[in-house]
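Colleague: Please take a close look at the part of this structure where the chain begins, and follow it from there into its surroundings. Each term should be explained for a first-year student.

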Amino acid sequence: MPGPLSFAVLGPVRAWRGRSEIDLGTRQQRLILALLLARAGGAVSVAELVDLLWAYDPPPSAVNVVHRHVGMLRRRFEPGLPARAAGSVLIRDGAAYRLRIDGESLDLLRFRRLVARAGGGSGEPAVELYREALALWRDRCASDLRAAGPAHPEFVAVDGERYAAVRAATDAALRAGHVHAVLPAIRLAAEHEPLDEALRARLLLALAADGRRAEALAAYADVERRLADELGIRPGADLRAARDRLLDHDGPAGVSRSGRGAGPAVLGPGGARADFRPDLSQSAGAEPPAQLPADHPYFAGRRGVVAAAAELLAGDRKPTALVIDGMPGVGKTTLAVHLAHRLARRYPDGQLHADLRGFDSGGTAMPPTEALRGFLWSLGVAPAAIPAEPHAQAGLYRSLLAERRMLILLDNCHDWDQVRHLLPGAGGSLVIATSRRRVTGPAGAHPLHLDPLTDAEARELLTRWLGDAAAAHPAAVDEIVARCGGLPLALALVATRTLGRPGLSLPAVAAELAGAGGRLSGFGDAHADLAMVFSWSYRALTPEAARLFRLLPLHPTGELSTEAAAALGGLSPRAARGLLAELGAQLLVQPGDGRWSMHALLRAYAAELGEEHDDPAERAAAVERVQHRLSA
């Protein structure tokens, strides 16, 4: 029997069924879940969800897209739930949705319960309750979904609860003489809100109470400089009062008010003193991390790539990393997760996972330090024991992995610089990484290029997904396979659209695709999802490469040479060669004859962009240049 559902929003958004983590799907689905979790069982209207996913100019299909994402989330929480069924976890509440959760299934509710209990107590028991509550925080609320720019007010409000609890915890700890129990939480909160004067004032007092007056004075100098540089103001009364108490302090420099020495020790995961480089044997009874997303229930094909990976790992010179690259929507993450599950038993010390957001709708890649902090936390390192410098973090990470056999899944990498600090050094661990670009690195990293599915693999995928409907309409399946060009994302969108609309038959879906003449509009409501995934690669292009990408569909043949691309763009061959290389990293394919080609769906996307953004006269001139070249 599957275990109970549990959720986390005090940091990256995550969910588990029992001890198995649930794959939460696309960024939009995870955003919807994040807002529902931040409401902690309260209702969230469809209008709020539309505003969440499209801050400006939502598409006409926005409400339908929200309903579809909710339906997909429901089936992730309740596998086997029929399409369009209401379910018992993510439920409809009038014109809104809410999650049916209890106080133990969500970290936010556990945090609030512990804070409420601590606020009603005093002395060391209250401090311990605060410490337990603050230990639930792994980062900012929904930290994996917060791109550049203002955060959603609901997430900011939940963060505010944390900072209020930190202030109350510090006050209680100072009164009880047990500041060492909450000092790591105060440090982290002050790092996240460096200009919060109330937090910084308490940090100064806590450091002084722990015998760290010199560090406290340095912290005051830092916040004084920040306030002047960033806001043009002087420290307020609370900060100045805290500084004055530091200067008036007359206790022994090496002894805190709690009676502890102020040596180089820090708090370990259980609150005990530990060296800077922690001995993880103190947590030997803990289960190893098991962070792999769920395997795809309808995985099909890819036997050649899976066999190649198995052969590499069975050889004498085993790679330290397998790096899967390919065009957007080709199924890199699905393959990486499937491969990781097949290999997991070989790595008994657990699995780590991070989405590095190298190509994501938010446009902000995860810094290696953020991933390292998360991994070190998962390996049992207390926050205060994590070094500030990236190279020191990477060194500690490699030291902890040196005697272990772990599997590390790094999804959606931007380039090698983002990955290199996350590779293990000596030892028997393995990294599986995915990227839309060909990621090149040192020896030991082996590339695995992923092409679209063959027709047979695409039919197998649709048959597994649609069951009897696919078996009953083989001609429609063949038409859909042809129109999707072996792209797993497109096939998945067709399958979920068919299942989500029982009145829409498979032949009708095939007819819509055929009638669209190769345009993305043939995918109906799923058009927006397909275009969005392609857009993450398009937005990463330089303006010159983006312009050429929009012009390429004007060429009359499916393949073109560098010279033809130069004529199309009005470029020199040298300039065209450089731009084609940029596009070829993720949006074009270069067969062995040196000519370039584009997947049919990417070609359709590029054509739509060109019609929308380019001057018709410029497009006409590009066609004329190509025709002149072909007739010469």
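Modeller: Contact means that heavy atoms lie within 4.5 Å of each other. Among the contacts in the protein with a separation of 6 or more, 68% are made by residues 24 or more positions apart. The model is predicted, so local features need a pLDDT of at least 70 and side-chain atom pairs count only at pLDDT 80 or more, whereas totals for chains, interfaces and linings use all residues. Residues are numbered from 1 along each chain as its sequence is written, and side-chain values use heavy atoms, with hydrogens and water left out.

The protein has 26 helices and 15 strands; these are DSSP runs, H or I over at least four residues for a helix and E over at least two for a strand, numbered from the N terminus. Of its 632 residues, 48% count as buried. Buried means under 20% relative accessible area, exposed means over 50%, and partly exposed lies in between, with a 1.4 Å probe and protein chains only.

The requested part is an open sheet of 3 strands, in the order β1-β2-β3 with antiparallel pairing. The edges are held by β1 (5-8) and β3 (20-21), each with a single partner strand, so one side of each has no neighbour in the sheet. Two strands count as paired if DSSP finds at least two bridges between them. Strands of a sheet pair through backbone hydrogen bonds, either parallel or antiparallel. Here β1 and β2 are joined in the antiparallel sense by 4 bridges, and F7 has A15 in β2 as its bridge partner. Between β2 (residues 14-17) and β3, also antiparallel, there are 2 bridges; W16 has E21 in β3 as its bridge partner. The hairpin of β1 and β2 has 5 residues between the strands, and G11 in this hairpin takes a positive phi near 135°.

From the sheet the account passes to the interior. F7, whose partner is A15, is also a member of the largest nonpolar core, which has 82 residues. A nonpolar core is a set of buried Ala, Val, Leu, Ile, Met, Phe, Trp, Tyr and Cys residues joined through side-chain atoms within 4.5 Å. In this core F7, V13, L33, F77 and F111 touch the most other members. Helix α8 (residues 197-209) gives the largest share, 9 residues. If neighbours within four places in sequence are set aside, L33 is in contact with F7, V13, L24, L73, F77 and L99. A second, separate core has 81 residues, including L504, A565, L580 and L602. In soluble globular proteins, nonpolar side chains tend to be buried together.

F111 leads on to the aromatic rings. The structure holds 8 aromatic pairs, where rings of Phe, Tyr and Trp (its six-membered ring) pair if their centres lie within 6.5 Å; planes under 30 degrees apart count as stacked, over 60 as edge-to-face and the rest as tilted. F111 and W137 form one such pair, edge-to-face, with 5.6 Å from centre to centre and 85° between the planes. This pair links distant parts of the chain, 26 residues apart: F111 belongs to helix α4 (residues 107-119), while W137 lies in the loop between α5 (123-134) and α6 (153-176). Both F111 and W137 are buried.

A142 lies in the loop between α5 and α6 as well. Its relative accessible area is 0%, which means that A142 is buried. Its phi is near 55°, a positive value in a residue other than glycine. Most residues other than glycine have a negative phi, and most peptide bonds are trans. N412 is another residue of this kind, with a positive phi of about 65° although it is not a glycine. N412 is placed in strand β11 (residues 407-413) and counts as buried at 13% relative accessibility.
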